[in-house]
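Reader: I am new to this structure and should like to be guided through it by questions. May we begin once it is displayed?

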Amino acid sequence: VTGFEGDSIASALFGEGQRIFSRSFKYHRPRGLLCCRGACPNCMVRVDGVPNVRSCVTPLREGQRVEAQNVWGSLDFDFLSVTDKFGGPFTPVGFYYRTMIRPRRAWPLYEKFLRSVAGLGKVDEHRGRTQRYDVEHRRAEVLVIGGGRAGLEAARRHAAEGRHAVLVDPDPDGEEPGVELVRGTAIGIYEGGLVPVDSGTVLYRFRAERVVVAAGGIEQPLVFPGNDLVGVMLPSAVRRLVGRWSLKPGTRAVVVSADDRGLDTAALLERAGTQVAGAIDLRASRVRQIAAKGRGGRLHSVELDGRKVDCDLLVTSGGRQPAYALLAHAGGRVEYDHARGIFVPTELPKNVEAVGAAAGELGEAAVPAATYNGAAKGGKCFVCICEDVTDKDIKRAIAEGFDSIELAKRYTTVTMGPCQGKLCHLPSIRLYARENETDEASIGTTTARQPWQPVELGLLAGRAQEPAQRTSIHHRHKELGARMMWTGSWRRPHSYGDPGAEAKNVHDSLGVIDVSTLGKLVVGGPDAAAFLERLYPNRFGDMKPGRIRYGVLGSDAGRIMDDGTIARLADDDYYVTTTSTGAGAVLEWFEWWNAVWGMEVRIVNVTGAVAAVNVAGPNARELMTRLTDLDVSNEAFGYLDAKHAQVVGVPALILRIGFVGELGYEIHFPSPYGEHLWDAVLEQGAELGAQPFGLEPQRILRLEKMHILIGQDTDSESNAFEASMPWIVKLDKEDFVGKWSLEHVQERGFREQLVGFEMANGVVPPEGGQIVVGGRPGGRVTSSRWSAQLGKAIGMAWVPPDLAEDGAEIAIKVDGGVEKARVRLRAFFDPDGEHLRS
Amino acid sequence: LTHLDFLSPDLAAPDAVWRSPLERALAHAPDGIADVSRTGVLEVRGDLSGLDGDGCEVVRLTAERALVLCDWQRVRNTHAKLRQQFRVTDLSAGWAGLSLRGEAVLRRLTDLDPAALPAVGAVAHVQALVLRDDEETFRLFFPQEYGHYVAEVVVDAMKGMGAS
């Protein structure tokens, strides 16, 4: 195709003689240029692999590959046009709700066929990202949508009053002093004056203090048999073809219009060399029947009340409808104006203004008939050309009981196509009113929804952004070959190759794990102790500075929310750790209660500020002597002690705790020294057998100790009693969050209980697997692993209370069969904690 | 060491290696972007009516909460002075920061109003503090654990606007 600068794809094709641009959605009828302003679906093509490109408003570029879409065959001969000729009785409105249901076994075939023919355009699944899209946030005191005369005047007015005025238009002309012109299309108005503007590859998200809608009016098609033939155009198409691209739209034309804008095209056509065989002013001439006749889908004549006129161009207009959709998005009220036969905006929000045609300032126009098919038998009479909805479809929907326009919209899909109701909303309501023998005001409008203009999904998506939290040791893990995994939004090492060997190394010598992801809060102030006493079911007020205690945080309903360790650093300062994914929720929970109680407590989230490395294993103490001058003997630094020291030159808080069941130290220190400390630990621990271990070996190790994982072994119903942690609940405390609920649990008795189990035959049951009691589901497995240390398959499960006895036999569903296991109530490994305390 | 000194990175020995979370992401960054993560950040709480920041930059977040941004070398002294009157937490290790040239780039990162800075809001979906140094220069501070991600997004946005 050869074109000129300024050509659109469609104008270049039209200039080369192309008249059929697409095939219709359902009947695969030939379709040609109709509006030529980006409102209708007729010119949609696939450009460089991108479907549904409106070729009439897409600039022609060198090397573009333009293909027809929704075609089986070619544009001139589409095999699926058989549905137009023979499919009518089989494909009435809503046929897909009623047909192709039986026989049920044939559904896969039906589905395959329907999916291959349904929809508009095909997305190339293998193409990948070919276009960069960005989102840009902009602000304006006044945003004017539409650069026509009214929009320009409004922009000038606001600029003259000293406001920052931005005018958005798909094709702004030149420059306008004091007004910022932005090329693009507003696709909707949202709360807070948010107006997204599609500028092709950048989505501007404008926040405007005031929005002026100058979106103009939309020429409405007339509804008559053959109104979709190639050669039937709206006046806008003629204006653009002749005025913008100097193209001759047809050889012999007939103009039928309800207003002057339509009739003016007659003169334009004559100047372009088109013979105008007739121009009908619907205000003066009462036409009852219009029937366009064609051959091969192309117009060759029109019958006006039976009078045949040969023509290859029929320009029709039912007058203009204010483009009020954007106003409706903003919350504007729209009412039907009987005298003019259009919907007009009546009440607008105070920061929204409508000007020009969008406000209803239109010239005098006739109110067209709902249809012009009279009593004559003619071809299909389209109310909605996007979805191929005919007048018969609407009548049938009404006959079937879809008596509201909103229901009819969903049933017939009228107004739901690419034009978003621009060309079919008003005609469908007129027809609905006539068939229901009521008026348009009673029918009302359907809800206007964004987007007002078609927009590429890529543009809405913008750049792919996936916020990821990384510890300050993250890159070291990658260098060590760790397989990374997500835990919440954290990236963590799953393992460094062999989870079993990593777990064994912790038992045998020394393991090192990055636990920087733990949530960390400093809770300080004169009321800090009392505050924690009220939040947790166990005691913290009696702790001495330098001591650590485990805590399970419960909700008002006594349900377990989170867990972690609480170290008392000073009389008025506690250091609270939470689960890796629970930090945000715990912080909110603490702050909420602090606001309620009004205590003198300050909570500071130091999760990101503090990195943490846990060294665990029989050689952990020896390693610590190499890393710090601190006396780390068992006498000086006992289990559950917290001490401050420089560790390889870095100020650190060291917690002696043991989630993984071996002698362990958790070193907390400023994040920027993460790699420095990690490197030193591995280097100085090398001859002690220090090896990193990941999350998966940690899960094996903690399961051996029967330490619970919140969210894995508990759910939103779990409480500390039934989770077999009654020792942590101090009901003799004055009060704490969830106390009443836990008292109630104690009174009513347990309904289930969390226990450990050992499999009889070494099979590892699936997590989430059923506990079978008397042939029925009686519980569920929450965690399960093979423990090389123990040589057993172990796990934790919720079981009925009567089975929560050490040694009780339970049955677990595995691969369709049932396997036996023994209940264990004490830790599988080191039940007396000798390793931890050693 | 006192009980909250483990939060203070400036107390580390000189041979302890401090590394910025942005270091790798900014290794091949275009001109116009600089790592300012080594900034002292002190969170101050209490009745802030008498807060003057000891010559440092003060960003008031709420009536009773502010951030004091200061030169790395001044953290200790400033911390000591402020602590006499307020509850102060050293969060220098918790924040990463970058300096960025170009309002247009900033507009692709956040919906904060460049004319109403400093402000806290989402930058590439991460809560951040954004300050304006001059017409075209901005500083962004955000949780260090998101630092690598944010830096990658900023570099990508700059490249999308033609920076190389």
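Author: Certainly. Please keep in mind throughout that this is a predicted model.

Reader: Is helix H16 of chain A mostly covered or mostly uncovered, and how many of its residues are buried?

Author: Helix H16 of chain A spans residues 528-535, which makes eight residues to consider. A residue counts as buried under 20% relative accessible area. The buried residues of H16(A) are Ala528(A), Ala529(A), Phe531(A), Leu532(A), Glu533(A) and Leu535(A). The helix is thus mostly covered, and the number of buried residues is six.

Reader: Which strands and which helix are included in what covers the buried residues of H16(A)?

Author: The cover includes several strands of chain A, namely E29 (519-524), E30 (548-554), E31 (560-570), E32 (573-578) and E33 (602-605). A helix of chain A is also included in that cover, and this is H17 (583-597).

Reader: Where is Pro545(A) found, and is Pro545(A) buried, exposed or partly exposed?

Author: Pro545(A) is found in the loop between H16 and E30 of chain A. Beyond its neighbours within four places in sequence, Pro545(A) touches Arg568(A), Leu569(A), Ala570(A) and Asp571(A). Its relative accessibility is 43%, and Pro545(A) therefore counts as partly exposed.

Reader: How many Å apart in space are Pro545(A) and Arg602(A)?

Author: In sequence, Pro545(A) and Arg602(A) are separated by 57 residues. In space, taken from C-alpha to C-alpha, the separation of Pro545(A) and Arg602(A) is 18 Å.

Reader: How are helices H9 and H11 of chain A set relative to each other?

Author: Helix H9 covers residues 391-399 of chain A and helix H11 covers residues 425-435. Their axes come within 10 Å and cross at roughly 50°, and the crossing is right-handed. With that angle, H9(A) and H11(A) are therefore oblique.

Reader: Which residues of H9(A) and H11(A) meet, and how many of them are nonpolar, polar and charged?

Author: From H9(A), the residues in the contact are Asp391(A), Ile394(A), Lys395(A) and Ile398(A). They meet Leu431(A), Tyr432(A), Arg434(A) and Glu435(A) of H11(A). By class, the contact of H9(A) with H11(A) has four nonpolar, no polar and four charged residues.

Reader: At what angle do the axes of H18(A) and H19(A) cross, and why are these helices called oblique?

Author: The axes of H18(A), residues 620-627, and H19(A) come within 10 Å and cross at roughly 120°. Angles of 65 to 115 degrees count as roughly perpendicular and those over 145 as roughly antiparallel. The crossing angle therefore makes H18(A) and H19(A) oblique.

Reader: Which residues make the contact between H18(A) and H19(A), and how do they divide by class?

Author: H18(A) contributes Leu623(A), Arg626(A) and Leu627(A). H19(A) contributes Ala680(A), Val681(A) and Gln684(A). The residues of this contact of H18(A) with H19(A) divide into four nonpolar, one polar and one charged.

Reader: How many salt bridges does the structure hold, and which residue of chain A meets Arg108(B) in one?

Author: Over all chains, the structure holds 68 salt bridges. In one of them the closest approach of N to O is 2.8 Å, with Arg108(B) on one side. Arg108(B) lies in the loop between helix H2 (103-107) and strand E7 (119-123) of chain B and its partner in strand E6 (residues 134-145) of chain A, so the pair joins two chains. The partner of Arg108(B) is Glu136(A).

Reader: Is Glu136(A) buried or exposed, and which residues of chain B is Glu136(A) in contact with?

Author: At 4% relative accessibility, Glu136(A) counts as buried. Its contacts, leaving aside neighbours within four places in sequence, include Val202(A), Leu203(A), Tyr204(A) and Arg205(A). From chain B, the contacts of Glu136(A) are Ala104(B), Arg107(B), Arg108(B) and Met161(B).

Reader: Which residues form salt bridges with Glu675(A)?

Author: Glu675(A) in helix H19 of chain A is buried, with a relative accessible area of 4%. A salt bridge of 3.4 Å, N to O, links Glu675(A) with Arg476(A). In another, the closest N and O atoms are 2.7 Å apart, and the partner lies in the segment before strand E1 (33-35) of chain B, so that pair joins two chains. The partners named here are Arg476(A) and Arg19(B).

Terms used: Residues are numbered from 1 along each chain as its sequence is written. Chains are lettered from A and ligands numbered from 1 in the order in which they are written. This is a predicted model: local features need pLDDT of at least 70, side-chain atom pairs count only at pLDDT 80 or more; totals for chains, interfaces and linings use all residues. Side-chain values use heavy atoms; hydrogens and water are left out. Buried means under 20% relative accessible area, exposed over 50%, partly exposed in between (1.4 Å probe, protein chains only). Helices (H or I, at least four residues) and strands (E, at least two) are DSSP runs, numbered from the N terminus. Contact means heavy atoms within 4.5 Å. Axes are lines fitted to C-alpha atoms, for helices over the stretch in contact, and angles run from 0 to 180 degrees between N-to-C directions. Angles under 35 degrees count as roughly parallel, over 145 as roughly antiparallel, 65 to 115 as roughly perpendicular and the rest as oblique. A crossing is left-handed if the near helix is turned anticlockwise from the far one by less than a right angle, and right-handed if clockwise. Ala, Val, Leu, Ile, Met, Phe, Trp, Tyr, Cys and Pro count as nonpolar, Asp, Glu, Lys and Arg as charged, and the others, Gly among them, as polar. A salt bridge is a side-chain nitrogen of Lys or Arg within 4 Å of a carboxyl oxygen of Asp or Glu.
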